[in-house]
Amino acid sequence: MHGADGDSKQESSPVGGANVGRREHWQHKSVRSHRPASTEPGAFGMKTALTLLLLTMTTTGCVLPLKVVQTLMPPPRPEPDTTPYPKTILRDIVPGQRIDWIGNDTVVFAGYPVHTQARSWLYSWNFKTPPKQLFEGPTSFCVNGNSILLAIREQNTNLAKGYRITLPGKRIEYLGAKAPMEGHAYVSRYTCDSHPIPTALHMHHWEELRPGEGYLDFGVDDIQRGYKVTHLDANLQRRQDTGIRVDLPILSEITDWRPQPGYLLYDMNLSPEERKRWQQTNRLTLWHLDAQHQGHAVNVPAGPWVNPGGGDTLFFKARDGLVITTSVLNRNGSPGNAGAYLVQPDGRYERLETGYVSEPALSADGCRLAYAFQEYLDQRSLPHKGGRILVVVNLCARRAEP
């Protein structure tokens, strides 16, 4: 969220308030169990009896057949990152801190080759051919339609050169050099360019919507009543009550509502108290802002994605469910519950990934999820050794059950 100075974000808080319009509720119900058979009720007694029988027979010189021994052994725990959704993995280029999509079949990302560790490049990748190098040097970029916008800072100057790259033709246009704006300004997430903060939003907390769609205005801090979120049109002339109310403080995040028009609004960094309340009530409220800029409550159940230790929790509306990523690993660097999950509208969920998932992004149709992945956050997953990879999961091509 843009803060009072135009570029700061505030502390986090739960998303609350009265429900407006229809309600969507994801309830918690796992698709399949990952527990070994020995944890099922009644399994302890059977396992103990069989173990005693094994000891009796082996001490008397009787040798059990191999199949019997295998039966007595506990079944292996399933691989935690096994998923019924097909994955495409890119291992020879280390993805950086920005991943996005052009349409439904082209991932755009900044990164560098694993073996050479050369200077960063901007790449495009459509899965059918190797990634293409588009532009040398950038570590960040903006996507607007089928165009990629860059602002490359010149060395020893205060200027930034602007470029537009249009796909699929890879046409590069030079947009000129600009100095950063003075005073109340912000950098647009859609254009990578500096813009003046509208006077109506000075000293307010607010979010930028897509070009031409205006802004979400949270107003100023009100400890007693929280935020009443309104929509301010692009001409700064008309305000509209969205029906969304949120408490203080908040660290908001806004993503597209895939594949229909609209947005998903939520708090990305919940406090320990909010996480505890989420687990106790089995409910966290996000907000769907529709094409008419009206808010609808989306209630998300608790699950393994609720990390009491903190960290960012990100939500994305996919075509057939809600994608949740959580980034907190165990103290020893092991994954724990960190990873990505797909929660279906009927409440079932599946684990898409186990490990450190960062920079997640959904394709326009809400079917493909791209993200940078490391299994561990220590020397076991060093980026320059290929430990940080780019993964794309197709959430709309579920494999048949075996």
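The protein chain exposes about 20400 Å², and 53% of that area is supplied by carbon and sulfur atoms. This is a predicted model, so please take every value as computed from predicted coordinates.

Staying with the whole chain for a moment: it has 402 residues, of which 46% are buried. The secondary structure comes to three helices and 28 strands. As for contacts with a separation of 6 or more, 48% of them are between residues 24 or more positions apart.

Now to one sheet. Strands 4, 5, 6 and 7 form an open sheet, in the order 4-5-6-7, and the pairing is antiparallel. Strand 4, residues 93-102, and strand 7, residues 132-136, are the edge strands, each pairing on one side only. On average, neighbouring strands in this sheet are turned by 30° against each other, ignoring direction.

Inside that sheet, look at strand 5, residues 106-113, and strand 6, residues 121-125. These two run antiparallel and are joined by five bridges. If you want a residue pair to find on the screen, Phe109 stands opposite Tyr123 of strand 6.

Last, a single residue, Glu350. It belongs to strand 25, which covers residues 348-354. Is Glu350 buried or exposed? Its relative accessible area is 5%, and the cut-off for buried is under 20%, so Glu350 counts as buried. What does the side chain of Glu350 make a polar contact with? The partner is the side chain of Arg398, at 2.4 Å.

That is what I have on the chain, the sheet and Glu350.

How values were computed: Residues are numbered from 1 along each chain as its sequence is written. This is a predicted model: local features need pLDDT of at least 70, side-chain atom pairs count only at pLDDT 80 or more; totals for chains, interfaces and linings use all residues. Side-chain values use heavy atoms; hydrogens and water are left out. Helices (H or I, at least four residues) and strands (E, at least two) are DSSP runs, numbered from the N terminus. Buried means under 20% relative accessible area, exposed over 50%, partly exposed in between (1.4 Å probe, protein chains only). A polar contact is a pair of N or O atoms within 3.5 Å; within protein, one must be able to donate a hydrogen and the other to accept it, and residues adjacent in sequence count only if both atoms are side-chain atoms. Two strands pair if DSSP finds at least two bridges between them. Axes are lines fitted to C-alpha atoms, for helices over the stretch in contact, and angles run from 0 to 180 degrees between N-to-C directions. Contact means heavy atoms within 4.5 Å. Accessible areas come from the Shrake-Rupley method with a 1.4 Å probe; for residues, only the protein chains shown count as cover.
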